[in-house]
Amino acid sequence: MTQTESSTSPEHGDAEAIPRGFIDIQPMPVWHERLIHIVAIAALLYGAYWLYWRWTYTLNPDPRDIVASIVLLVAETWAYLNMCLFVFITWRLPEREPGLPLSDRAVDVYITCYNEPLEILRRTAIGARAVRYPHRTYLLDDGKRDEVQAMCAELGIGYIRRATNEHAKAGNLNHALAITGGEFILQLDADHVPLPNILDRMLGYFNDPEIALVQSPQDFYNTDSFTHVVNDEGRRLWEENRIFYSLIQPGRDQYNASFFCGSCGILRRSAMASIGGFQSQTIIEDMETTIQLHRRGWKTAYHRETLAYGLSPAAADAYHVQRLRWGQGAMQVIRKLKPLTASGLTLQQRLCYFAGSTCYFEGWQKSVFYLMPLLYLFTGIMPIAGNQEDFLIRLVPYLILVVAAFELLSRGTGYLFISERYTMVRFYTYMMTITALFTKKPLKFNVTPKGMSGVPLKTYLPQVVLLVLSLAAPIWATFAHKYGWVNYATRGWGSMAFWMNTLWALWNCYFAYHVVRHTLMMRQQREDHRFLERLPIAVRSRGEAIDGLVPESTLDDGSLRALTTDLNPLGLGFRSTVAVAEGTTVDIELPLAGNRVATTGVVMHVKEQATPYGPTYMHGVRFGDLPIEVRDAIEIHCTHHAMPMWRQRYRQNIDIVTRTRELMRSTRSGGRRLVQLPVRLRYMSKGGTSTDVGALFMLEELSDRGARIVGDQPIPPGTEVEYEVDGTTIAGRGTVRFSRAIETSLAIQFTTGIELNNEPVMVAA
């Protein structure tokens with residue numbers, strides 16, 4: 001084992017001097033919270049009435065129908081119970097401030113790894129090494145690879161390996177605990193790159209001697225992954241884990257029930273010693289360990305600020321491997337730890353752990369909802385008795401209240417339609433987790449795959465089957481009723497039962513189709529992720545000049561003006577109004593945050609894109625052998641600046657009222673149009689003369705009434721400016737209305753809004 005200490009000298013005593021990361025849900029007005037509570041209570045009360053009416057008036061006693069009728073009612077009852085738990089957990093989201101960080105404390109940073117690609121490990125290692133609070137960084141290598149050990153020696157961080165792999169991740173962590181001595185441990189998975197201020201922002205919680213654990217959100221830098229939905233025009237982002245990290249964890253925190261999530265958390269060594277280290281009865285050591293800490297009377301805290309970025313499952317196969325492990329571990333928790341009756345837990349903690357471990361039964365509940373309309377259309381079995389009109393009259397307000405309560409309680413992160421798509425994605429995997437509830441055999445800890453991956457048929461076969469059956473069911477029912485093959489006991493298409501079940505089946509069909517399409521489309525194409533980054537660059541060709549260059553599209557030295565679209569140490573993409581031929585060797589100086597580095601690469605592909613303002617060209621460049629210090633500089637820029645900067649410019653929580661207002665405004669004004677090209681700015685004087693600003697900005701978007709630009713220089717509101725995108729038809733004048741700063745640990749950028757005062761803004765080429 002080798003080890004070094006990495007430190008810098010920030011002012012740890014000045015809380016205001018420590019930059020903050022991204023927090024997705026901001027405090028809401030009192031009236032808004034009251035509205036949330038009123039609607040939630042109304043949904044619970046009406047839901048109780050609905051279930052009472054269903055059990056007493058609509059249970060079908062016919063011997064042919066009774067089993068299906070009871071199964072459907074049990075599924076509805078389980079859904080209502082989950083709604084009650086959701087309301088209980090998300091009723092209030094407490095606001096916590098960590099206070100001043102502890103000073104002069106020994107902190108160990110653990111990075112656990114097994115078989116992850118070396119470039120992913122290096123990215124995390126140099127990010128951990130750059131954490132500002134004095135600490136020791138260790139890479140815990142259960143893969144026992146000599147190349148990983150050599151990398152650690154090169155980076156000057158500690159390397160730990162053990163002789164066996166007993167108890168998987170928990171055993172790996174316990175082995176490291178036994179041979180290191182830090183008072184606090186920051187645990188990171190192999191792919192989670194911490195921001196430099198992570199310890200400064202979280203150590204303050206440990207001023208309370210009863211705090212054993214502080215957990216922060218797990219956010220992700222590969223926003224093109226299977227679990228992300230990105231809307232560039234509206235600058236909106238949704239990620240499948242957000243409801244958990246934005247709502248469930250903060251909500252649990254009000255009951256001292258937030259739990260360790262395996263990464264991005266800090267633990268107190270003495271607390272871990274009191275329970276014998278990381279627990280290993282199950283394959284989810286994080287929840288199991290937290291349960292034991294809570295049983296011993298320790299407290300936990302949840303810090304809502306994103307302070308690390310990792311890799312979300314890039315494709316469907318990795319997603320299902322991860323969710324299956326989580327679900328099987330939850331079943332082990334139910335069987336072995338019995339959270340509802342475990343001693344030492346409060347009633348609130350028991351309810352939170354019950355909700356967290358039984359949520360995987362959702363797969364069986366949803367499968368009932370998916371299959372019931374098919375059961376009726378194919379066989380005529382009617383799970384609902386009574387008058388169909390009475391049923392519909394009561395069902396509609398119940399659905400409205402449930403949807404409204406979910407949207408309001410989720411405080412802008414719910415997105416019901418998207419959430420339901422992912423429910424469809426995982427229902428079968430969640431169904432399969434139930435096997436772990438009944439087996440005593442040890443389960444294998446399957447590491448979530450990283451890097452390129454395929455899309456095997458098994459990852460979407462259940463949805464394909466459901467899609468085909470949902471389309472075939474109404475067709476079959478039409479003929480089966482007409483020719484008397486099935487006794488439906490209704491008037492066919494003249495009955496509400498036919499229409500309701502057909503609409504229900506087609507509703508499920510829509511979500512199944514989306515899952516199949518999304519699964520086939522979302523797969524990682526590269527071995528390593530390219531970070532989204534917009535940097536103004538000058539592209540210089542080696543050898544022959546770039547064809548098609550005109551003075552307006554060049555810089556003073558004749559090089560091409562361009563804007564990067566993505567970046568990592570292996571290459572970049574750039575966008576320009578002039579094409580650079582494939583195979584061209586180019587020199588590009590990258591203006592990284594606080595550092596300019598020179599790179600050389602080869603244009604591997606060029607793709608023309610038609611736009612309303614003329615053609616643009618997307619280029620892919622593969623770098624040559626860059627010096628290691630340049631590669632590391634690019635890594636730090638991407639993880640500590642590009643990703644946090646991009647994340648702050650995209651919104652993840654937008655309440656339903658704001659969403660509706662923006663949709664109406666977009667419909668009236670024609671909406672925003674993405675441009676994302678370098679733009680020249682000139683100050684306009686009252687006499688009509690212009691002065692070049694000097695700095696190069698990016699024109700992010702245009703609308704009929706305004707423009708948004710991004711750059712490293714602020715422009716005072718009220719300033720009259722003239723803008724022009726070389727090589728296109730975009731040009732105009734306007735008045736600056738705002739200039740907002742966005743700060744990361746490395747640099748500051750400014751988003752500037754311009755109100756246009758000339759028409760038209762652009763003319764089609």
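Trainee: What makes the charged end of Arg740 count as sitting over the ring of Phe738?

Mentor: The term asks for NZ of Lys or CZ of Arg within 6 Å of the ring centre and within 35 degrees of the ring normal. The charged end of Arg740 is 3.9 Å from the centre of the Phe738 ring, and it sits over that ring. Arg252 does likewise with Tyr353, at 4.9 Å from the ring centre. Keep in mind that this is a predicted model, where local features need pLDDT of at least 70, side-chain atom pairs count only at pLDDT 80 or more, and totals for chains, interfaces and linings use all residues. Residues are numbered from 1 along each chain as its sequence is written, and side-chain values use heavy atoms, with hydrogens and water left out.

Trainee: Good to know. Why is the pair of Phe88 and Tyr255 called stacked?

Mentor: Rings of Phe, Tyr and Trp (its six-membered ring) pair if their centres lie within 6.5 Å; planes under 30 degrees apart count as stacked, over 60 as edge-to-face and the rest as tilted. The structure holds 34 aromatic pairs. For Phe88 and Tyr255 the centres are 4.4 Å apart and the planes are at 10 degrees, so this pair is stacked.

Trainee: What does the pair of Phe88 and Tyr255 tie together?

Mentor: Helices (H or I, at least four residues) and strands (E, at least two) are DSSP runs, numbered from the N terminus. Phe88 lies in helix α2 (residues 66-90), while Tyr255 is in the loop between α7 (242-253) and β11 (265-268), so the pair ties together parts that are 167 residues apart in sequence. Ring pairs also link a cluster that includes Trp50, Trp53 and Phe391.

Trainee: Buried or exposed: how do you know which word fits Tyr255?

Mentor: Buried means under 20% relative accessible area, exposed over 50%, and partly exposed in between (1.4 Å probe, protein chains only). Tyr255 has 18% relative accessibility, so it counts as buried. Phe88, with a relative accessible area of 22%, is partly exposed. In the protein chain, buried residues make up 57% of the 765 residues.

Trainee: And what does Ala330 count as?

Mentor: Ala330, in helix α10 (residues 316-337), has 1% relative accessibility and therefore counts as buried. Contact means heavy atoms within 4.5 Å. Leaving out residues up to four places away in sequence, Ala330 touches Ile284, Ser357 and Tyr360. The C-alpha atoms of Ala330 and Ser357 are separated by 4.7 Å, although these residues are 27 apart along the chain.

Trainee: How do you know that the buried residues of α4 are on the same side?

Mentor: In helix α4 (residues 146-155), the buried residues are Val148, Met151, Cys152 and Leu155. They cover an arc of only 100 degrees around the axis, which puts them on the same side of α4; the arc is that of the directions from the helix axis to the C-beta atoms. Asp146 and Ala153, on the other side of α4, are exposed. Among the elements covering the buried residues of α4 are α3 (118-129) and α17 (628-649).

Trainee: What makes β21 and β23 a pair of strands?

Mentor: Two strands pair if DSSP finds at least two bridges between them. Strand β21 (residues 673-684) and strand β23 (residues 697-702) have 5 bridges, in the antiparallel sense, so they meet that definition. One bridge joins Leu674 to Glu701 in β23. Strand β25 (residues 720-724) also runs antiparallel to β21, joined by 4 bridges, and Tyr683 has Val721 in β25 as its bridge partner.

Trainee: Why is β7 called largely enclosed?

Mentor: For strand β7 (residues 211-215), 5 of the 5 residues are buried, so the rest of the structure largely encloses this strand. Its pairing with strand β12 (residues 299-302) is parallel, over 4 bridges, and its pairing with β11 is antiparallel, over 3 bridges. Gln215 stands opposite Tyr302 in β12 and opposite Gly265 in β11.

Trainee: Which strands stand at the edges of the open sheet β6-β13-β8?

Mentor: That sheet has 3 strands and mixed pairing. β6 (193-194) and β8 (219-220) each have a single partner strand, so one side of each is left without a neighbour in the sheet. Between β6 and strand β13 (residues 308-310) there are 2 antiparallel bridges.
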